[in-house]
Amino acid sequence: MDLDLHDYAACLFDLDGTLWTGSGLYDGACDLMRALTAAETRCVIVSNNSVLTGERARAALARHGLGGDPLAVTVTDVAGEYIRKVVGNGTARVRVAGVAALTEACRAAGLRTMGLREPGRADVLLLGLHDSFTYGSLERLAVCVEQGERLVVTNEDPWHPGPNGTKVPETGALLAALLTVYPCDYLTVGKPGPLLFDRALALAGVGASEAVMIGDSLSTDVAGARSVGIDAIWISFGRPLPEHPDGEPTAVCGSLSELALAFETRDRASVQL
Ligand SMILES: [Mg+2]
């Protein structure tokens, strides 16, 4: 099966490991975004990044010359909305173990927030990526869960690709540490869940059948998109497609450069399973 990006009104992009290496843009990102924008295809970044809001991600990408001015929504933007739905009201107290932007986003959603060290009991314990994570914070997280705070994680990604092929630990790594100490149930805000995809489709103003997701993760980008009826292109970066992938991509492409070339030349053959 092959596909043609010209058939879609909107392209949804993963951020870390697809557009962004951790220190710069992947080859082909600018060319593809420029070509899609020229063709009036709506572009939306859909990211499990729990450090940046969509607006901050857009600004950072623009500073690095991405162009095209894509819209963006991250798990930081929607965490408050998710918690309001889960808890069923807007008066929940949320203990945030994450960066300040995550706390600000929860407050913007009308939730009351408290810090990890703050005494008392919260309704929800929200865990996101933060580089101030220590042995002491792990100890505190376990106490909070033990006293009945409902654990919600922004995302379960164990790592994302960094510069020069390094692995950058993600929220899933912090979650794994906590679960090792205190095994418990938890809920997940971001991809592969439907909320971020719903928000991205609303931003683009299109239905699921009019959009295609482009990402490097089979388990979050591809599986999540396909579960809500969005086609998905897996950017393989030369990796073989597993025999039984977590998510079955609609098409596979080696890199954004190849995808840009295929779009500009309408070469369906270069984008195929
Ligand atoms: Mg990724």
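This report walks through the domains, helix packing and some single residues of a predicted model.

Residues are numbered from 1 along each chain as its sequence is written. Because the model is predicted, local features need pLDDT of at least 70 and side-chain atom pairs count only at pLDDT 80 or more, while totals for chains, interfaces and linings use all residues.

## Two domains

The domain assignment of the chain gives domain 1 (5-48 + 191-270) and domain 2 (78-188). Such bounds come from an automatic or database domain assignment. Taken over C-alpha atoms, the centres of domain 1 and domain 2 are 27 Å apart. Across the boundary, 12 residues of domain 1 are in contact with 11 residues of domain 2. Two residues are in contact if their C-beta atoms, placed from the backbone, lie within 7 Å. On the side of domain 1 that touches domain 2, H7 gives the most, with three residues. That side of domain 1 has two nonpolar, seven polar and three charged residues. Here Ala, Val, Leu, Ile, Met, Phe, Trp, Tyr, Cys and Pro count as nonpolar, Asp, Glu, Lys and Arg as charged, and the others, Gly among them, as polar.

Helices (H or I, at least four residues) and strands (E, at least two) are DSSP runs, numbered from the N terminus.

## Helix H7 and its partners

Helix H7 spans residues 194-204. Its buried residues are Leu195, Leu196, Phe197, Ala200, Leu201 and Ala204. A residue is buried if 20 or more other C-beta atoms lie within 10 Å of its own, exposed if 12 or fewer, and partly exposed in between, with C-beta atoms placed from the backbone. The buried residues of H7 pack against strands S1 (10-13), S2 (42-47) and S3 (71-74), and also against H3, S11 and H8. Just after H7, Gly205 has a positive phi of about 70°.

Before H7 comes Pro192, in the loop between strand S10 (187-188) and H7. The peptide bond from Lys191 to Pro192 is cis, with omega near 15°.

Helix H8 (residues 218-227) buries Leu218, Thr220, Asp221, Val222, Gly224 and Ala225. These buried residues pack against H7, strand S11 (211-215) and strand S12 (231-235). Gly229, just after H8, takes a positive phi of about 85°.

## Two helix pairs

Two packed helices are described by the angle between their axes and the distance between the axes. Axes are lines fitted to C-alpha atoms, for helices over the stretch in contact, and angles run from 0 to 180 degrees between N-to-C directions.

The axes of helix H3 (residues 75-87) and H7 come within 10 Å and cross at roughly 110°. H3 is therefore roughly perpendicular to H7. Angles of 65 to 115 degrees count as roughly perpendicular, under 35 as roughly parallel, over 145 as roughly antiparallel and the rest as oblique. Val75, Val78 and Tyr82 of H3 make the contact with Leu195, Leu196 and Arg199 of H7. By class, that contact of H3 with H7 has five nonpolar, no polar and one charged residues.

Helix H1 (residues 29-38) and helix H9 (residues 256-265) pack at about 30°, with their axes 8 Å apart. H1 is therefore roughly parallel to H9. From H1, Ala29, Asp31, Leu32 and Ala35 meet Leu256, Ser257, Leu259, Ala260, Phe263 and Glu264 of H9. The contact of H1 with H9 divides into seven nonpolar, one polar and two charged residues.

## Single residues

Thr76 lies in helix H3. Beyond its neighbours within four places in sequence, Thr76 is in contact with Asn49, Ser50, Leu52, Thr53, Ala101, Leu102 and Ala105. Thr76 and Glu104 are 28 residues apart in sequence and 9.2 Å apart in space, C-alpha to C-alpha.

Ala251 is found in strand S13 (residues 251-253). Ala251 and Asp4 are 247 residues apart in sequence, yet 9.8 Å apart in space, C-alpha to C-alpha.

Most residues other than glycine have a negative phi. Glu40, in the loop between H1 and S2, has a positive phi of about 65°. Asp69, in the loop between helix H2 (54-63) and S3, has a positive phi near 50°.

The table gives the burial of these residues.

| Residue | Burial | Other C-beta atoms within 10 Å |
|---|---|---|
| Thr76 | buried | 31 other C-beta atoms |
| Ala251 | buried | 21 other C-beta atoms |
| Asp69 | exposed | 12 other C-beta atoms |
| Glu40 | exposed | 7 other C-beta atoms |
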